[in-house]
Every structure is written in structure tokens, then in C-alpha cells.
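Here is a set of exercises to work through with the structure on your screen. Try each task yourself before you read its solution.

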Amino acid sequence: MKIIILGAGQVGSTVAESLVSEANDITVVDIDPLRLALLQDRLDLRTVVGNASHPSVLVNAGADDADMVLAVTEHDETNLVACKLAATLFNTPTKIARIRSTEYSAYPEIFSAENFCVDFAISPEQILTKYIEKLIEFPEALQVLDFASGKVSLVAVRALKGGSLVGQQLQELRKHVPNLDSRVAAIFRRDRPIIPEGDTVIEAEDEVFFIAATKDIRIVMRELRKMDNPVKHVMIAGGGRIGRRLGATLEKDYRVKIIERNHQACERLASELSDALILHGDVTDETLLEDENIAEMDMFCALTNDDENNIMSALLAKRMGAHKVIALINRGAYVDLIQSSGIDIAISPAQVTIGSLLAYVRHGDVAAVHSLRRGAAEALELVAHGDAKSSNVVGRRIDEIKLPKGATIGAIVRGLPKSEGIFDENPSLEQGKVVHESSAIKVIIAHHDTIIESEDHVIIFVINRKMIREVERLFQVNVGFL
């Protein structure tokens, strides 16, 4: 595909790196020539210096024949205008805009074809808030990712000594929990992937990815590790966009404290949040943390705009007794460095966000994409189309499908209605695609003799992103069917 990315910040550069590796024709536009030069030094792409909302800049970027415009600059207004120009002047097929302000997302009609012509709008802050909320709901998990409108979850947990299944073969899982079905999609041992088989033995400290119906994930977790006490007390370091959203989401169900160093921001938080306690101070102030009983915190979330502050405050909170700490880290090199430190979970905002964008770039009918293990692996939700003659998967048992080595079909969801897009009755900006609920929806955990039917949503775990194209080709129907 020929794709123009507007904005070379964290989101734009991460998306560019991912798409270039998949042999797309990428052009990146930004007003900062130094930022573009650094990007061009390490990636095979084209860059254009200029304002993304200027027609002449879009012309220079090749908008005349572009397949897609990803407007992910830091300014909502620039992104909206760029999408409008791409539609009006260049008839670009797909326009995606990053929207940060809730002022815009509260009025989805703004994005319609009659207005700013945004096909899909994403809010990285909203995506991150939901991601962190899941980690608080399931404190034992390293990742919790939803598929098929939340019917199925892919969960990563660290197997701990003392867990029922540690030291046993995977085939024992069904004996331990006979009344529900689940599947281990992958195991990472000392950062190396292991393709799970029935006789694979789980070891302590393994990172285990399993798929189950969302309602069953706690039961499966219990077999892999001792369950933590439910989270009650949460401290948030940083009251910016993400901290404020998370505080508003959590304050009704948890006891929330937010530390913010900017006095005006504290006043705004105090006026917007009714139940959270707002504290004016430095997140790395040991005395402040001690005075606010950091040792009683079930979860400490470092969400400031400064990586160093997030790292230091999280490490300090952990040393002072916080049960679990999460740090938001923008620089990829930092994420890799601190994974083995005292910080329980390091979150890369760009990696969490990128899946929402990749779903629109993938070939075939892709309903969802989640980036895993800092971009090394992926989980996809693909929709099967066609029939036994036109498709490589429809009408076939799973053991008859020629999946590349390292790709695993984890689950199938049958009966989901067709996606309507973001301008449905209940638009969802953070997911882009919306479906309606139905009592006929079935979650089927995949086994060797499971047969895939047309319109099934198939959830696939891929341990190496280089296999993605091969997986996508499997789900593309023959031209004769079309």
C-alpha cells in the first residue's frame, strides 16, 4: 500500500517502522526536519518537511495516488483538516485521524463524510486508559487484550512457583478445569518463544499467553499462579491526559489518589473528579509518598509525560512497599532496559496504540490487531469469507490448514454481526469498528478438529511478525468468489 503518515512523533514513527518492515510504500510528513532526518537514517522511507494541513505539502507527499492517510500529529485540528483535504482534493480511499480531545470525540458527527471525512478516529489516550484499567482489574496479568467485542480475551501471565500447572504438561489443564475450555497460544521462556504442544511442561517464570472466553479468564489464571488480592487502593503519578482519564474511570470503584506537580492542573482535576484525592507535589518525593501511605497501595501507576520521572517514581514506590507498579515509557530502549528491574509492567504507549492502526492496513478482513511483546509478536482477529472452493480456511478442520510455523489459531467466535463503522448507533472511537450484541454469539476454543465456517472471527497468535503476510494470504478469498 502507498501510505502517507502525517506526524513523526512516537505514534507516527512506531507505525512507520512497523509498516516499512511489511514492504509498504511509506512517506512521513512533519514540520521538524531533524526528527525526519533521524527517521530516514534508520528506515527505508520518504520524508517531506512541512505542515500536514497544507495542500501543497500533501501534493509533495504523493497524496494524488495514496491508498491511505494516517493523520497522527499532536494537533487534532491539523489531523481533521488533513483528512478533509485528502478526501476533497485527492479522493484518498482511507483517512484515519488521531483525536486526543474529548471535545471532538463527544460529537462523532464531526467525522462524517459531510464534515471532516474521517473514516476511523483513534484516541491513544482512551486506548491506554482501557489497557491500564484491564491491568488493574486483573492485577496478576502482564497483558489483557479483548477480541470479538470483548467476548474473548488473550491474557499473558507469569507462571509462578506453586501454581497448579507449573511443572506439569499443558494437557493437564483440561483435567484441572474440566468445565471450561481454554488454550495456551504461546509460551515465552527467557524471552524465547516455545510453540505449545500437549506434552509441553510449564516452568516457573514462563510468560504464558492463553485464550479463553472473557468470563473464564480468572479461573484459568488460578491454575498458573496464586491470585493476588483484588485492587482497592490506586495511586496515579501524573494528572495529565491519561492520568485524568484513568482517575475519572476508576474513582467510583477504587480509592484513588493522584499526584500532580502543576498547581493549575491540580485545581482542574479537583473540579472534574468528585471522589479521587488530588495531591499537589512531586511524584519522586519520598516524604510525600510515605505521608500518603504508599505501602498500602495495591497499584501505583506512573503516567507523567517524563520517562525518567515515571521510572524513578515507580522504582521508589516499589521499594517503599507498593504491591504492584506500572510505568508509562515512551522510549523503546528504556522499555527493554527496565523489564528486568523492580517495575512490574512497563507500557509503551505507541505499541499499545499501534494495533488500532494496523487493523486498517492489514490485507483481508481484519477486525482487530494487538501488538505483543513490544512489537515482536502479534495477535489478529481475521474474518473468514467464502466457501470451501474459494477459501483456504472455510470448511476445513484446523489441522488441515497450512499455517506457518509459529502461528496458532486460539479461538473462533461465531455469530458476530457485521461491523458498521464508527458512525453506528454507539460509536467507539478507540476501536474504530462497532458490532451489536447477539444472543446467538458462540465462543469456540480451537482444537485440531474444529471446522471454520464462513463469517467466523478467527483469533490467531503469531510469534514472529514476519509471518503476518502468510497468515493474511490464507484468509484471502479467490478472485472467482468476488
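Ala 148 is found in the loop between strand E7 (141-147) and strand E8 (152-158). Keep in mind throughout that this is a predicted model.

**Exercise 1. Two loop residues**

Task: Find the sign of phi at Ala 148 and at Asp 191, and decide whether each residue is buried or exposed.

Solution: Start with Ala 148, whose phi is positive, about 50°, although the residue is not a glycine. Next, look at its surroundings: a relative accessible area of 2% falls under the 20% limit, so Ala 148 counts as buried. Now move to Asp 191, in the loop between strand E9 (182-189) and strand E10 (192-194). Asp 191 is also a non-glycine residue with a positive phi, near 70°. Its relative accessible area is 56%, which is over the 50% limit, so Asp 191 counts as exposed.

**Exercise 2. An open sheet**

Task: Work out the strand order of the six-stranded open sheet and say why one side of E14 and of E17 has no neighbour in the sheet.

Solution: Going across the sheet, the order reads E14-E13-E12-E15-E16-E17, with parallel pairing. Strand E14 (277-280) and strand E17 (345-347) are at the edges and have a single partner strand each, so one side of each lacks a neighbour in the sheet. Then check the twist: on average, neighbouring strands here are turned by 15° against each other, ignoring direction.

Zoom in on one edge. Strand E16 (residues 324-328) runs parallel to E17 and is joined to it by three bridges. Leu 328 has Ile 347 of E17 as its bridge partner. Finally, add the helix: H6 (residues 124-137) lies across strand E12 (233-237), strand E15 (299-302), E16 and E17, and runs at about 170° to E17.

**Exercise 3. An enclosed strand**

Task: Which strands pair with E20, and how many of the residues of E20 are buried?

Solution: Take the pairings one by one. E20 and strand E22 (residues 457-462) are antiparallel and share six bridges, with Ile 412 standing opposite Val 458 in E22. Strand E21 (residues 442-445) is also antiparallel to E20, through four bridges; here Val 413 has Val 443 as its bridge partner. As for burial, eight of the eight residues of strand E20 (residues 407-414) are buried, so the strand is largely enclosed by the rest of the structure.

**Exercise 4. The nonpolar cores**

Task: Which residues of the largest nonpolar core touch the most other members?

Solution: This core has 100 residues, and those touching the most other members are Ile 5, Ile 136, Ile 347 and Phe 461. H6 makes the greatest contribution to this core, with six residues. A second, separate core holds 25 residues, including Leu 279, Met 297, Ala 314 and Tyr 334.

Return to Ile 5 to see its contacts beyond neighbours within four places in sequence: among them are Val 15, Leu 19, Ile 26, Val 28, Leu 70 and Val 72.

**Exercise 5. Domains and annotation**

Task: Set the domain assignment beside the UniProt record.

Solution: The assignment gives domain 1 (2-122), domain 2 (233-347) and domain 3 (352-475). The C-alpha centres of domain 1 and domain 2 are 32 Å apart. In UniProt, an unreviewed entry lists "domain: RCK C-terminal" for residues 142-226 and 367-477. Over residues 142-226, the chain is 14% helix and 36% strand, with its end C-alpha atoms 14 Å apart.

Key
Residues numbered from 1 in each chain as written. Predicted model: local features only at pLDDT ≥ 70, side-chain atom pairs only at ≥ 80, totals over all residues. Heavy atoms only, no water. Pairing = 2+ DSSP bridges. Helix = DSSP H or I, 4+ residues; strand = E, 2+ residues; numbered from the N terminus. Axes fitted to C-alpha atoms, helices over the stretch in contact; angles between N-to-C directions. Contact = heavy atoms within 4.5 Å. Buried < 20%, exposed > 50% of the residue type's maximum accessible area, 1.4 Å probe, protein only. Domains from an automatic or database assignment. Core = buried A, V, L, I, M, F, W, Y, C linked by side-chain atoms within 4.5 Å. UniProt positions renumbered as here; feature names shortened; annotations may be inferred.
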